[in-house]
Amino acid sequence: TPLATDGEDTIASLVTGGSRSGAVDIIRVSGSEAVQIAQRVFWPQGRFRFNWQPRSQRIYHGSAIDSSGRMIDEVLLLAMLRPRSYTREDVIELHTHGGGVCAQRVLRACIEAGARPARPGEFTLRAFLNGRMDLSQAENVLQLISARTATAADSALAGLAGGLGQLVSELRGDLLEILAELEARLDFDDDLPPMDVPALVEDITVLQRDIEAALRTSRQGNLLRQGLQVAIVGRPNVGKSSLMNSWTGTNRAIVTDIAGTTRDVLEAGLTVSGVPITLLDTAGIRSSCDTVEQLGVERSTAAAAAADVVVMVVDAAAGWTDDDGEIFDALWGRDGPGSSSCKVRGPALLVVNKSDLAGTKQLQLPLLAKETFQAVVQTSAVTRDGLPDLDAALLKLAGAPQLAAGGVSWSVNERQAEALIRAHEALGAVGESIAADVPLDCWTVDLRAALLVLGEVSGEGVGEEVLDAVFSKFCIGK
Ligand code: GDP
Ligand code: ZN
């Protein structure tokens, strides 16, 4: 069934986790029959059941009852009548005892009383369809729920407050003005002064710059949403596991003095300036006859190949050794990044670890390695020296140096970025038409195209396909 067409039904869903451990669960009911359904499933304490009318923004205490009138839970009922609700429809929430069973029975009672189970994101879809928020804000609701770090949540909140929607509506306003000027001249070109073409070109350039600025937030947004996979590679005993331990502050990796103990790929998570980072500690990559270790080596190579960033660790006291060179060749090939023998796709960073042992000895890197590593950082897993440099270098390599400085606001997601890119292209086409001196009415075609795609960002005039794609990513109950 298409999502957007049946705002008529009343929907119901569990909106809390429904876990065994929670103290309270919440069932939300939204739609034109929410009040009748509440009257069927709820008996307010100390009142007559049959003429009870919930008032908006009020909480009632009483019993939840099933279709046979049997009490199934003691609940709180919260009424939010239209338009003072999340969906702008009549919304009833029933706060049940936690643990899952009570909530399931109350939900079933609501459905027997006439509601239908809500689809993923359907409450937010209704909030969008009823004008409570634009599409970019609705998408930030999802980002907020799925945020893995406080910074990601802050960014989603900024988006929810309407940052991008505001920008887009300003851009569209400007475009409409330009269009009106052009069309006035198409209609009555004798009465008006001639078009100030240089000013028009300037206006369009300014609009393009605003779009570019919005697009620049996309990398940051991706990082906050998806995080980074970082593979730590290097020969045995350079301190990969120790580094991972001090970097994450956990002790999940096994650290020993015997070369080759980290046989499998170990994972640990940490957060750097709000970016969720998964560290993969790989086995020392080197040719080995031991089959168990060999397996680990293959996994390491695969992990490095799949990682967003590869961190190669060498021992500061030993400098760059032949073994390091072998690992380098195994991962980046003899011809380095971009060549067919290169297995690593992401940027690479060199960590010179055990700096506490080495003093200030200069590391002699082969030329190809020098070109491959985009940053070189000195660390000590023991004293924790250099770890902040490692954080900053990693973020810079990943393309979000501003996160290190703490500058986070809303960001555009892939869908929004795609529309913004098309708007930018359409504006570029206007610029070209002007430069090529084609007739005025051709300019307006591309201006209109830009106006339309900008509308897609905020959800104006988008079809069901787009809405389906956006809201199917939500969980049920949101
Ligand atoms: P891996 O095989 O690369 O994972 O290396 P480990 O983390 O197992 O470390 C090998 C040895 O080097 C252990 O004895 C660590 O205590 C020691 N080690 C690791 N990092 C440092 C460091 O920064 N400074 C010093 N002095 N020793 C280190
Ligand atoms: Zn290790």
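What do the buried residues of α3 pack against? In this predicted model, the partners come from several parts of the chain: strands β1 (11–14) and β2 (24–30), along with helices α4 (135–146) and α17 (464–471). Helix α3 itself spans residues 122–129 and is mostly covered, with 7 of its 8 residues counted as buried. The buried set runs E122, F123, T124, L125, R126, A127 and F128, so charged side chains turn up in it alongside nonpolar ones. Just past the end of the helix, G131 adopts a positive phi of about 80 degrees.

Zooming out, the chain holds 17 helices and 13 strands. Of its 478 residues, 43% are buried. As for how the fold is wired, take the contacts with a separation of 6 or more: 70% of them link residues 24 or more positions apart.

A second spot worth a look is the pairing of helix α6 (residues 163–187) with helix α16 (residues 440–458). Their axes come within 10 Å and cross at roughly 160 degrees. Because angles over 145 degrees count as roughly antiparallel, that makes α6 roughly antiparallel to α16. The contact between α6 and α16 involves 16 nonpolar residues, plus 5 polar and 5 charged ones. As for handedness, α6 and α16 cross in a left-handed sense.

Definitions and conventions: Residues are numbered from 1 along each chain as its sequence is written. Chains are lettered from A and ligands numbered from 1 in the order in which they are written. Axes are lines fitted to C-alpha atoms, for helices over the stretch in contact, and angles run from 0 to 180 degrees between N-to-C directions. Helices (H or I, at least four residues) and strands (E, at least two) are DSSP runs, numbered from the N terminus. Angles under 35 degrees count as roughly parallel, over 145 as roughly antiparallel, 65 to 115 as roughly perpendicular and the rest as oblique. A crossing is left-handed if the near helix is turned anticlockwise from the far one by less than a right angle, and right-handed if clockwise. A residue is buried if 20 or more other C-beta atoms lie within 10 Å of its own, exposed if 12 or fewer, and partly exposed in between; C-beta atoms are placed from the backbone. Two residues are in contact if their C-beta atoms, placed from the backbone, lie within 7 Å.
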